[in-house]
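Here are some notes to read alongside the model, written as numbered points. Please keep the structure open as you go through them.

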Amino acid sequence: MTYDDNSLGGRLPLLEPAAMTQQQRAYYDAVIADQPPGSSQEQGEEGYAIQDGDGRLIGPFNAFLRRPEVASAFVAFAEASARYTSLSARVREIVVLSTCSAWGAAYPVYAHERTARQAGLQQSVIKEIVSGNIPDVLSDQEQAAARMTQHLVTAHTIDDTLYDRALDQFGEQGLFDIVALIGQYLTASAIANLFSVPAP
């Protein structure tokens, strides 16, 4: 599926690959190379678009082109977070959806509704999470991740009872993995909202 709408940049114009600086092009190439299967515009219904029909980056990726030096470091952080995580793919997607939906960030929610399905979450469960609910069908661990994430993102603190329950499920490293993922997607959500980045 391809997109040719210039409004996909939100408040920022989409940058033409041919007009990019060397640093912008390096970031552009890294984004294209590092996306998981199913995330290019050719992948069909289950994938999510990262480019329009002319090869221009859309979503927060287009905004990151404005500061490729920082964007490249952000990509390295995201890659390390994914490589060394103790979290299952399902838990990661629950954390991401809980974070981005709390911020009403259209593009990240759009993208991760799709990756959440690929991780094995049913559409009805995804819809509940995006609505701010915690489905009963989730495992105890998944519910703990959703509850902690939603509370931390909205109330900005965690009481001892909630912390202890999450610690029991994930351990100290797992809690760090969750909060690192939250931080990554708070950044993506803030970028998407600041620049009014729409979902395709």
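1. Let us start with a helix pair. This is a predicted model, and in it helix α4 (residues 89-103) packs against α8 at an angle of about 40°, the two axes being 9 Å apart. That angle makes α4 oblique to α8, and the crossing of the two helices is right-handed.

2. Which residues of α4 and α8 meet? From α4 come Val91, Arg92, Val95, Val96, Thr99, Cys100 and Trp103. Their partners in α8 are Phe170, Ile178, Leu181, Ile182, Tyr185, Leu186, Ser189, Ala190 and Asn193.

3. Another helix pair to look at is α5 with helix α6 (residues 123-130). Their axes come within 10 Å and cross at roughly 145°, and α5 passes α6 in a right-handed crossing. On the α5 side the residues that meet α6 are Val109, Glu113, Ala116 and Arg117; on the α6 side they are Gln123, Ile126 and Val130.

4. While you are at α6, have a look at Ser124, which sits in this helix. Ser124 is partly exposed, its relative accessible area being 48%. Between the C-alpha atoms of Ser124 and Arg114 there is a separation of 13 Å, with the two residues 10 apart along the chain.

5. Now for the interior. The largest nonpolar core holds 27 residues, and Tyr27, Leu57, Phe61, Leu65 and Tyr107 are those with the most contacts inside it. At least two residues of this core come from each of α1 (22-34), α2, α3 (68-83), α5 and α8 (160-194). There is also a second, separate core of 18 residues, which includes Val91, Val96, Val109 and Ala166. Val91 and Val96 will be familiar from point 2, where they belong to the α4 residues that meet α8, and Val109 is one of the α5 residues that meet α6.

6. Tyr27 deserves a closer look. Setting aside neighbours within four places in sequence, Tyr27 is in contact with Leu57, Phe61, Phe64, Leu65, Pro68, Ala71, Ser72 and Val75. Tyr27 also forms one aromatic cluster with Phe64 and Phe74.

7. How many aromatic pairs are there? The count comes to four. Among them is the pair of Phe61 and Tyr107, which is edge-to-face, with 6.3 Å from centre to centre and 90° between the planes. Because Phe61 lies in helix α2 (residues 60-64) and Tyr107 in helix α5 (residues 106-118), this pair ties together parts that are 46 residues apart in sequence.

8. Are the two members of that pair buried or exposed? Phe61 is buried, at a relative accessible area of 16%. Tyr107 also counts as buried, with 3% relative accessibility.

9. Two approaches between distant parts of the chain are worth checking by eye. Leu15 is placed in the segment before α1, and its C-alpha lies 7.3 Å from that of Leu57, although 42 residues separate the two in sequence. Apart from neighbours within four places in sequence, Leu15 is in contact with Met20, Gln24, Arg56, Asn62, Leu65 and Arg66. Leu65 thus turns up again, having been listed among the residues with the most contacts inside the largest nonpolar core.

10. The other approach involves Pro200, which is in the segment after α8. From C-alpha to C-alpha, Pro200 and Tyr107 are 7.6 Å apart in space, while in sequence they are 93 residues apart. Pro200 is partly exposed, with a relative accessible area of 31%, whereas Tyr107 is buried at 3%.

11. Finally, please check two backbone angles. Most residues other than glycine have a negative phi. His156, which is not a glycine, has a positive phi of about 70°. His156 is found in the loop between α7 (140-155) and α8, and with 62% relative accessibility it counts as exposed.

12. Where is Ser196, the other residue to check? Ser196 is in the segment after α8, and it has a positive phi of about 50° although it is not a glycine. Its relative accessible area of 37% makes Ser196 partly exposed.

Conventions. Residues are numbered from 1 along each chain as its sequence is written. This is a predicted model: local features need pLDDT of at least 70, side-chain atom pairs count only at pLDDT 80 or more; totals for chains, interfaces and linings use all residues. Side-chain values use heavy atoms; hydrogens and water are left out. Rings of Phe, Tyr and Trp (its six-membered ring) pair if their centres lie within 6.5 Å; planes under 30 degrees apart count as stacked, over 60 as edge-to-face and the rest as tilted. Helices (H or I, at least four residues) and strands (E, at least two) are DSSP runs, numbered from the N terminus. Buried means under 20% relative accessible area, exposed over 50%, partly exposed in between (1.4 Å probe, protein chains only). A nonpolar core is a set of buried Ala, Val, Leu, Ile, Met, Phe, Trp, Tyr and Cys residues joined through side-chain atoms within 4.5 Å. Contact means heavy atoms within 4.5 Å. Axes are lines fitted to C-alpha atoms, for helices over the stretch in contact, and angles run from 0 to 180 degrees between N-to-C directions. Angles under 35 degrees count as roughly parallel, over 145 as roughly antiparallel, 65 to 115 as roughly perpendicular and the rest as oblique. A crossing is left-handed if the near helix is turned anticlockwise from the far one by less than a right angle, and right-handed if clockwise.
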